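User: Could you take a close look at one part of this model for me, the strand in the middle of the sheet? I'd like to hear what surrounds that strand and how the rest of the fold relates to it.

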Amino acid sequence: MKLNLLSCETERPDRKVISKCISDISYNMNVSLSNELTLILLEGDSIEIEIENKSSGSALRTLRKLNIDYEVID
């Protein structure tokens, strides 16, 4: 399943927590790339990630807890 992460609505987003979340839920992504994508997201641009279908429910809950707006692409 592909997700488009649109924005992070938290007043003080924790980059390390968001980066770890992206790395954990994404299919085949390393920590370095998740750090770069986190910076892009926090600067206001959307990013696209792919997650495994079997973990999609928990991944979406985690994103909601972090106040990350997303849309399902595929």
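**A close look at β1**

Analyst: Strand β1, residues 2-8, is mostly covered, with 5 of its 7 residues buried. Keep in mind that this is a predicted model.

Let's start with the strand's partners. On one side, β1 pairs with β2 (residues 47-50) through 4 bridges, in the antiparallel sense. If you want a spot to look at there, Asn4 has Glu48 of β2 as its bridge partner. β3 (residues 68-72) is also antiparallel to β1, and 5 bridges join the two. In that pairing, Cys8 is matched with Ile68 of β3. Put together, you get an open sheet of 3 strands in the order β2-β1-β3, with antiparallel pairing. That leaves β2 and β3 as the edge strands, each pairing on one side only. Neighbouring strands in this sheet are turned by 35° against each other on average, ignoring direction.

Now for the helices. α1 (residues 15-25) packs on the sheet and touches β1, β2 and β3, with its direction at about 40° to that of β2. α3 (residues 56-65) lies across β1 and β3, and runs at about 145° to β3.

It's worth staying with α1 for a moment. At its start, a side-chain oxygen of Asp14 comes to within 3.2 Å of the backbone nitrogen of Lys16. Further along, the buried residues of α1 are Ile18, Ser19, Cys21, Ile22, Ser23 and Ile25. β1 is among the elements covering them, and so are α2 (31-42), β2, α3 and β3. As a reminder, residues three or four places apart in an α-helix point the same way, because there are 3.6 residues a turn.

Back in the strand, Leu5 is a good residue to click on. Leaving out residues up to four places away in sequence, Leu5 touches Ile22, Leu41, Asp45, Ser46, Ile47, Ile49, Leu63, Ile68, Asp69 and Tyr70. Leu5 also belongs to the largest nonpolar core, which has 18 residues; together with Ile49, Leu63 and Ile68, Leu5 is one of those that touch the most other members. β1, α1, α2, β2 and α3 each supply at least two residues of this core, and α1 gives the most, with 4 residues. That fits a broader pattern: nonpolar side chains tend to be buried together in soluble globular proteins.

Last, the cysteine in the strand. Cys8 counts as buried, at 17% relative accessibility, and Cys21 over in α1 is buried too, at 6%. You might wonder whether they are bonded, but the closest cysteine sulfur to that of Cys8 is in Cys21, 10.0 Å away, which is too far for a bond. Turn it around and the closest cysteine sulfur to Cys21 is that of Cys8, again at 10.0 Å and too far for a bond. The cut-off for a disulfide is 2.5 Å between the sulfurs, and a search of the whole structure finds 0 disulfides.

How values were computed: Residues numbered from 1 in each chain as written. Predicted model: local features only at pLDDT ≥ 70, side-chain atom pairs only at ≥ 80, totals over all residues. Heavy atoms only, no water. Buried < 20%, exposed > 50% of the residue type's maximum accessible area, 1.4 Å probe, protein only. Pairing = 2+ DSSP bridges. Axes fitted to C-alpha atoms, helices over the stretch in contact; angles between N-to-C directions. Contact = heavy atoms within 4.5 Å. Polar contact = N/O pair within 3.5 Å; in protein donor to acceptor, adjacent residues only side chain to side chain. Core = buried A, V, L, I, M, F, W, Y, C linked by side-chain atoms within 4.5 Å.
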